[in-house]
Amino acid sequence: MRFDDKKILVTGASGGIGRQIVQRFRTAGGQVTVADIDVAALEAEAHLPGDLLDANYADGLPAAAATMLGGLDILVNNAGVITRGSVVETTDADWNLAVGVNIEAPFRISRAAIPLMAKSGGGVIINVASCWGLRPGPNHALYCMTKAALASLTQCMGMDHAHLGIRVNAVCPNEVNTPMLRSGFEKRGFDPNDAIADLGRTVPLGRIAEPDDITGVVLFLASDAARYLCGSLIEVNGGKPVQ
Ligand SMILES: NC(=O)c1ccc[n+]([C@@H]2O[C@H](COP(=O)([O-])OP(=O)(O)OC[C@H]3O[C@@H](n4cnc5c(N)ncnc54)[C@H](O)[C@@H]3O)[C@@H](O)[C@H]2O)c1
């Protein structure tokens, strides 16, 4: 898969999955704008650091990226946060964070990106949702709800903007070996390596996903091989159901 001269914007670019997405698009010839709180250490064609909870920053990202690289062909809404607990354990701060990063930011960025893509004849949007948004998992009520909202937004946008040549799809991973998962184990007092090995034994394929297992599907969705996919939610779970 080649993405020569494609102009690509990736949010959450400094995270476990985001870094791999950036690297693989660049290796395949793409020009990438990286967005995250801190992007100083990332190799990329353009850097747009900022906080997605800042509405002005999220609203302005697509135009800023298009100005820096001379267009916008592919947007990956990858940034996300995980909040743990049932509803009664969920604070207002959890709500504002999860709704802000996982739903409002992709909404704002997509809303700004779609007219730009339409003007240049089309584009691709890929949202990183989660299996946990397609079916509920225990003790992550807010996370599941926000990823379900992102999955629904993906289906709606996939339908509404296909006529403009814009394809919108989502990847829905189960557990992936990234700082998001590892820090959760650390907070709960587990050794992340042991916990990830244990978790791997619950996956029919025998291991949890590495970031690159997800990235390959992101690149496929961005490629011409996926030209007839619109509003699809692709589960990438090694055969493991949500439990
Ligand atoms: N790791 C998993 O098990 C898993 C499973 C399913 C889905 N996902 C999803 O994959 C995506 C990538 O997650 P990851 O596992 O690489 O996690 P990660 O924590 O390594 O990366 C997430 C990135 O998002 C950025 N981010 C968070 N809040 C932000 C904000 N307010 N402004 C700007 N950037 C912000 C972080 O700085 C971080 O670099 C997320 O949407 C996540 O929900 C992850």
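Start with helices α1 and α8: α1 passes α8 in a right-handed crossing (a crossing is right-handed if the near helix is turned clockwise from the far one by less than a right angle, left-handed if anticlockwise). Helices here are DSSP runs of H or I with at least four residues, numbered from the N terminus. This is a predicted model, where local features need pLDDT of at least 70, side-chain atom pairs count only at pLDDT 80 or more, and totals for chains, interfaces and linings use all residues. For your selections, residues are numbered from 1 along each chain as its sequence is written.

Select 16-27 for α1 and 211-222 for α8. Their axes come within 9 Å and cross at roughly 50° (axes are lines fitted to C-alpha atoms, for helices over the stretch in contact, with angles from 0 to 180 degrees between N-to-C directions). That makes α1 oblique to α8; under 35 degrees counts as roughly parallel, over 145 as roughly antiparallel, 65 to 115 as roughly perpendicular, and the rest as oblique.

Now show the side chains. From α1, pick Gly-16, Ile-17, Gln-20, Ile-21 and Arg-24; they meet Pro-211, Asp-212, Ile-214, Thr-215, Val-218 and Leu-219 of α8 (contact means C-beta atoms, placed from the backbone, within 7 Å). Colour this contact by class and you get 6 nonpolar, 3 polar and 2 charged residues. Ala, Val, Leu, Ile, Met, Phe, Trp, Tyr, Cys and Pro count as nonpolar, Asp, Glu, Lys and Arg as charged, and the others, Gly among them, as polar.

Next, hop to α3 (92-119) and α5 (141-160), whose axes come within 9 Å and cross at roughly 10°. That makes α3 roughly parallel to α5. On the α3 side, try residues including Trp-95, Ile-103 and Phe-107; α5 answers with, among them, Tyr-143, Leu-150 and Met-157. The contact splits into 12 nonpolar, 3 polar and 2 charged residues.

Stay on α3 and add α2 (55-69): the two pack at about 30°, with axes 8 Å apart. Their crossing is right-handed. Here Ala-58, Leu-61 and Pro-62 are among the α2 residues that meet α3, whose own set includes Ala-105, Ile-109 and Leu-116. By class, there are 11 nonpolar, no polar and 2 charged residues.

Zoom out and colour by domain: domain 1 is 7-174 + 210-236, domain 2 is 177-208 (bounds from an automatic or database domain assignment). Their centres, over C-alpha atoms, are 24 Å apart. The contact takes 7 residues from domain 1 and 5 from domain 2.

Last stop, the ligand. Where does it lie relative to the two domains? Both give residues to its shell, so it lies between them. Of the 25 residues around the ligand, Gly-12, Gly-15, Gly-80, Thr-178 and Met-180 come nearest (near means a C-beta atom, placed from the backbone, within 6 Å). α1 and α6 (179-187) each supply at least two shell residues. The shell has 13 nonpolar, 9 polar and 3 charged residues.

Note on methods: Contact = placed C-beta atoms within 7 Å.
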